[in-house]
Amino acid sequence: MLKQRGFFDQLFARINEGGPLAMSLILISFLLILFLIVRAAMKLKSPTHVFHKALTLINQLALLALVIGLFAQFIGLIQIFDAFEALGDISPALFAGGLKVTLLAPLFGGFTFLVGRMASFILNWIRNVELDKVSSIN
């Protein structure tokens with residue numbers, strides 16, 4: 001009987017498959033983004049420069065995660081093409097498997113980018129609503 005793998009087992013398997021260095025850097029960026037989102041949410045009523053500093057860090061980390069993912073994909077594609085050139089004749093299944101592996105890092109980087117940018121948008125929106133409430137009271 002086959003035992004189903006848990007979520008974290010699958011996550012770690014994909015991280016290893018997509019390149020441990022790049023995927024780990026993206027994962028660290030993702031975790032830092034989550035931390036900064038919580039921190040920025042706690043600073044919604046802070047002065048503007050403090051709040052915008054937190055949003056700037058979120059946006060920069062999100063972009064960094066995306067760039068790391070794309071860079072890892074380019075390196076992976078170069079390695080795949082080098083290997084296929086050395087092999088000569090390759091099967092389409094082998095080629096598709098190689099492309100799948102190269103897409104893991106940019107996919108995770110893109111997901112991290114989307115989470116960061118959406119959080120930045122939502123935090124700005126919430127802050128503007130709060131500021132509108134304060135200005136309408138005065």
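**Pocket.** I looked up the largest pocket of this predicted model and found 18 lining residues, with G18, G19, A72, G76 and Q79 nearest its centre. A pocket here is an open set of points on a 1 Å grid over the protein atoms alone, with protein on both sides within 12 Å along at least five of seven lines; lining residues have an atom within 4 Å of a point. The space in this pocket comes to about 270 Å³, taken as the space filled by probe spheres set on the points, which are joined across faces, edges and corners. I noted that α2, α3 and α4 each supply at least two lining residues, and that α3 has the largest share, eight residues. Helices are DSSP runs of H or I, at least four residues, numbered from the N terminus.

**Conventions.** I number residues from 1 along each chain as its sequence is written. Local features need pLDDT of at least 70 and side-chain atom pairs count only at pLDDT 80 or more, while totals for chains, interfaces and linings use all residues; side-chain values use heavy atoms, with hydrogens and water left out.

**Helix spans.** I checked α3 next: its 40 residues should span 58 Å at 1.5 Å a residue (1.5 Å times one less than the number of residues), and its end C-alpha atoms are 58 Å apart, which agrees. Just after α3, G88 has a positive phi of about 90 degrees. For α2, residues 20–42, the 23 residues should give 33 Å, and the end C-alpha atoms are indeed 33 Å apart.

**Cores.** I then turned to the largest nonpolar core, a set of buried Ala, Val, Leu, Ile, Met, Phe, Trp, Tyr and Cys residues joined through side-chain atoms within 4.5 Å. Buried means under 20% relative accessible area with a 1.4 Å probe, protein chains only. Among its 15 residues, I33, I37, A40, F51, L55, I58 and L123 touch the most other members. α2, α3 (48–87) and α4 each supply at least two of its residues, and α3 gives the most, six. A second, separate core of 10 residues includes I26, L104, A105 and F108. The buried residues of α2 include I26, I33, I37 and A40.

**Single residues.** Beyond four places in sequence, F51 is in contact (heavy atoms within 4.5 Å) with A40, K43, L44, L123, N124 and R127. I also looked at S120, in α4 (residues 92–137). S120 is buried, at 7% relative accessible area. Outside its neighbours within four places, S120 is in contact with L55 and N59. Its side chain makes a polar contact with that of N59 at 3.3 Å; such a contact is a pair of N or O atoms within 3.5 Å, one able to donate a hydrogen and the other to accept it, and residues adjacent in sequence count only if both atoms are side-chain atoms.

Conventions
Buried < 20%, exposed > 50% of the residue type's maximum accessible area, 1.4 Å probe, protein only. 1 Å grid on protein atoms, 1.4 Å probe; cavity = no way out; pocket = protein on both sides within 12 Å on 5 of 7 lines; lining within 4 Å.
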